Amino acid sequence: MTGAFRIVAWDRDFIDGLTTLLLDETGGDFSNVTLVFPHRRPKRYLLHSLTESNRLKRPCILPHIVSVDDWFAELGQTLAAGQLSPVESLDRIALLHRCVLDLVDAGRIGEYPREFHTFYPWGRHLDTLFEELFRQCITPSNIDHVRDLVVEEAAVLLENLKAIHDAYVQTLRDNHLSTPGFLQAQTALSAETIVSLHTRSRIHLCGFYALSTAEETVFSALWKNGIANMICHADPNIVLAPKNVHYACTDIVDLCHRFKAKPLLHKDFSGYGGLAFHPHAKTDQASLFDAASSNTDDQSPRSDEERLVIYEGFDLHSQLKALRADMEHHPITGTTAIVLPDTGMLMPVLHHLPRTDVNISMGFPLARSTLYQLLDAIIRLQLSKERVKGSRSRYYWRDVVRLLRHPYFKHAVQQTDPEVAQLLHAIEDGIRHGEPYVDIDSAVVQPLSEQEELALDQERIILSWSRLTDLFLHQFDTLTHLAGLAESIYALAGMFLDTSSSDEISPDKVALAIWERFPLDAECLFRLLDVMLPQLTYCKAAHEPFPQHALFAIFRHMVESERVAFEGDPLTGMQILGVLETRLLCFDTVYVLGAVEDVLPQSAKPDPLLPDPLREMLGLSANRHRDHIAAYNFHRLINGARRVVLLYQDGVTGGLFEDKAIRSRFVEQLIWENERKLKRLLQPGEAPLVSISLPVPAISRQLGIIESTPQTVAALQHHLGKYPLSATFFDTYLRCPFLFFHNYISKISPLEEINEDGDPAQFGSLVHTILHEYFAPYLKKYISGQELDPAPLIHTFHTALEKEPFFARVPADIRLCLRRTGTFRLRQFLENTPTTMPIGLESTLNGSIHHNRNLIRLLGRVDRIDLRGEERIVLDYKTGKAATIREDFWDQDALKLRMEEWEPDDTELLPEVAASVRSVQLPLYCLLYEQTTGILPDNAAFVLLGENGTETSLFSEKIESHDRQRHILSDLPRLLRFLVDHMQRSPTFPATPSKGCAWCAYKPLCAVKKPDYAW
């Protein structure tokens, strides 16, 4: 006599149905009852349901409830008389490595990398493959001639797959070891023995969908002998209308055929009465749209449009806005599930939920935790450090700043020495102004010496800082093996644990004052200490030497595969779950957030060892079978709900090579079902499809404007009276009054930090210095480009460049570029030098103008003054670009009159003047030279060193000498007086947009007003 093969309609609560079925069959006597589930979470719901049932007599013995993996582990240990030891992933990879090396030594495999760290990435894929082969009870054969499909290392493994598999199996047997897959395979070989061991048992195999070969072998044997019942949660049409079965349930139909079972529909209980099921309805696809209103069990009938809502957003934020708005419009009653196909959305979802109790039941990626961000910062520091012979390593400054700003590091500093915490900002500031690679031990010395007014205990602070740097950095410097890495992380964790009573660190000593407020961080810390670090400490490769980059790569791979399990209690109310955590559970309302194709179904990562075309050669199903499982989980979930809300992003995700985010095929199917029912395409915004729209007004760009006050006027007057004014002073005001205010009035220094791309200002100063040294011997001598020897200039340039601190900080490619480009430009500059006589080098010039009975002092420093024939030329070197006054400015009499009669209400005048003037530097130097020497220069020019020494003159040849004299001695002072008057009387200092805004140091202060969104 065989067991029963029951179908619980997937619009009914599976746990309630199972409770009713158990009580009907056993009357509450569970002494010999075992329930096997695909995973652990349904056990909690079933126990809750049994506890709430009035039919269960108390006290009673509860049934044995176990997940399938745990059950096979129990069976395997029973068959082996408890002699098997489980092997963790790292040890399995080490065993595989040993097997491969033994085969290499025996001459059965050609040369293969012997280092464990080289084998490790392939070992991970090989371990995954063997676990799958074990579960499918497949003994693999070699796969030859695959070098055109996989790389060399993978081809060697595939060509010797059978030998490696046999050696691995023999190693497991000889050492009485077990893996989850190996246990299933060995248990399946003893199916008849398992039957004999359970003749007095009653086993219920609950909620399975796609069985592995090992599972099916054992289940089939128990079912055929009447020991086990199969209970599936699926489309009721498997029984009622076999020709109209939902495509997602075809695996269950195939399983019935293989078992030669006649499925029975279990319906004698009160359940959800959800969206889909009606005994006479066609449910060939997700029938959310068919006969839903006919369900007599639904106590709150709604229209189809209300039962299914699909929100289309353009990013995560729009989805979260719609989620919150929907929850506020539809008060939460009964059980609600927020399902996250991408578990990384957990934190933003929690932030946007209404204030209510929330239970999280999902596996959160450890790699996204704050704890791992700290460890990753330490790893980055180690991988980017600069090793210094005879002393400790130096660390890249950006990575150091990242560590200093991490909240865990700040907490550790506060816990170690609160006085050190007072210096953190000063330490970071010193690092930003220092060298690219930081001596972290001395980073506290300079800030400490500058804080004498705080009366700090310097010796104690230096000692505390040393302890911190040892703990976070130096103990990781010399790591060479996994056990050492685990020991260092244990020591680091001790900073965040309460170890006052013992030196030993254990997860139960968490400092409750901190971790009770941060449960997610506490769970991540527990996972690290309780699961990952023991593997690193006790694995077979724990003491094998590795290069540091390989050591950290192994650790990062382990973290990427770790999930921190959350089990929410109570089991009612709002639940946040991953897709897999929803299996066999039903909810009144289901929200699926981020339902895009990349995660629903989740795209399988390419397997470099066994690509999809090769899987079928081993008898394994292609990865597309995962899509069928994902389809079953999705449709089972939504068909058990009274109301379903799906949210997805439809738009470009970002980068140049990233695909467009498109809605999941399951969402597409639901929309197509509705369109088929309507016999037309849905229009944008037509139910159930809702486009999320946010008000997007035109972004009004309001540039920074600073109001002039008596205080600003007083500060400006102080500057005008105390300091002589330079050309840069006037040019800055012409370019941007907002920038002028911060440079000369507020004197707010911009944030300075290491410029790794080179410092143009320092480079320009260097070039000016070496040109002064080069031309000094030629003072008052005629020279020409044909006669000048570039070798001394190039030598001086290279020598000076090597001595510059900024040059040592820039990357090697920029150093090479500066050296070669600078050499070429200087050589071309000398070759293009006309016949001339330098009569002045780096000359300081003084002068003045009168404005409103006040004397305004002026100052300039001229790079070179040449005599060319009878003409005196003022020259200024420019390593970048430069612009002179437009020649038409001198003849704009109307503009000059407006400058003479300017009043503050004329706000357009300054931009017009700035557009024509651009820079007063060259004419100002001419004026100052005349006031200093009594001789008016004939012309002035910028020497553009970046353009091979091309000269850009102030005056063209068509301007007569008397006009030049008038422009310098009359028009220029008028212009300068206007600028001084304007900066004194203007009611504001407005920002002027230009290309320079992109690299302006005060850009963060130049506010751009953003529209207020009604979120």
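This report walks through two sheets, some helix pairs and a few single residues of a predicted model.

## The seven-stranded sheet

Let's start with an open sheet built from seven strands, whose order is 11-16-10-17-18-9-21 and whose pairing is parallel. At its edges stand strand 11 (358-361) and strand 21 (689-691); each has a single partner strand, so one side of each is left without a neighbour in the sheet. From one strand to the next, the twist averages 20°. If you are wondering what holds such strands side by side, strands of a sheet pair through backbone hydrogen bonds, either parallel or antiparallel.

At one edge, strand 11 runs parallel to strand 16 (residues 574-577), and four bridges join them. To find this pairing in the structure, look for Ile360, which stands opposite Ile576 in strand 16.

Now turn to strand 9 (residues 308-313). Is strand 9 largely enclosed or left open by the rest of the structure? Six of its six residues are buried, so strand 9 is largely enclosed. In a regular strand the side chains alternate between the two faces of the sheet. You can follow this here: Leu308, Ile310 and Glu312 point one way from strand 9, while Val309, Tyr311 and Gly313 point the other way, and all are buried.

Strand 9 has partners on both sides in the sheet order, strand 18 and strand 21. With strand 18 (residues 643-649), strand 9 pairs in the parallel sense over six bridges, and Leu646 is the bridge partner of Ile310. With strand 21, strand 9 pairs in the parallel sense over three bridges; here Glu312 stands opposite Ser691.

## The five-stranded sheet

A second open sheet has five strands in the order 23-24-25-26-27, and its pairing is mixed. Strand 23 (837-851) and strand 27 (950-953) are its edge strands, each with a single partner strand, so one side of each is left without a neighbour in the sheet. Here the twist averages 40° from one strand to the next.

Strand 26 (residues 939-944) and strand 27 run antiparallel, joined by four bridges. Val943 stands opposite Glu951 in strand 27. A helix also meets this part of the model: helix 32 (residues 760-775) lies across strand 23, strand 24 (854-868) and strand 25 (871-878), running at about 125° to strand 23.

Here are the strand pairings described so far, side by side.

| Strand pair | Direction | Bridges |
|---|---|---|
| Strand 11 and strand 16 | parallel | four |
| Strand 9 and strand 18 | parallel | six |
| Strand 9 and strand 21 | parallel | three |
| Strand 26 and strand 27 | antiparallel | four |

## Helices that pack together

Next come pairs of helices. The axes of helix 22 (residues 482-494) and helix 24 (residues 519-538) come within 8 Å and cross at roughly 155°. Angles over 145 degrees count as roughly antiparallel, and helix 22 and helix 24 are therefore roughly antiparallel to each other. Their crossing is left-handed. Residues in the contact include Leu482, Leu485, Ile489 and Tyr490 of helix 22, and Leu525, Leu528, Leu529 and Leu533 of helix 24.

Helix 8 (residues 180-189) and helix 10 (residues 213-224) pack at an angle of about 35°, with their axes 9 Å apart. This crossing of helix 8 and helix 10 is left-handed too. Gln184, Ala185, Thr187 and Ala188 in helix 8 meet Ala214, Glu215, Thr217 and Val218 in helix 10.

Helix 36 (residues 893-900) lets you see how a helix can have a buried face. Which of its residues are buried? They are Leu895, Lys896 and Met899. Seen down the axis of helix 36, its buried residues fall within an arc of 100°, so they line one face of the helix. An α-helix has 3.6 residues a turn, so residues three or four places apart point the same way. On the other side of helix 36, Asp893 and Ala894 are exposed. The buried residues pack against helix 37 (909-917) and helix 39 (961-985).

## Two buried residues

Val920 lies in the loop between helix 37 and helix 38 (921-933). Val920 is buried, with a relative accessible area of 0%. Leaving aside neighbours within four places in sequence, Val920 is in contact with Ala727, Phe730, Asp731, Leu734 and Leu975. Val920 and Leu972 are 52 residues apart in sequence and 8.2 Å apart in space, C-alpha to C-alpha.

Asp376 belongs to helix 16 (residues 370-384). Asp376 is buried as well, with a relative accessible area of 9%. Beyond its neighbours within four places in sequence, Asp376 is in contact with Arg402 and Arg556.

How values were computed
Residues numbered from 1 in each chain as written. Predicted model: local features only at pLDDT ≥ 70, side-chain atom pairs only at ≥ 80, totals over all residues. Heavy atoms only, no water. Pairing = 2+ DSSP bridges. Axes fitted to C-alpha atoms, helices over the stretch in contact; angles between N-to-C directions. Buried < 20%, exposed > 50% of the residue type's maximum accessible area, 1.4 Å probe, protein only. Arc of directions from axis to C-beta. Contact = heavy atoms within 4.5 Å. Parallel < 35°, antiparallel > 145°, perpendicular 65-115°, else oblique. Left-handed = near helix turned anticlockwise from the far one by under 90°.
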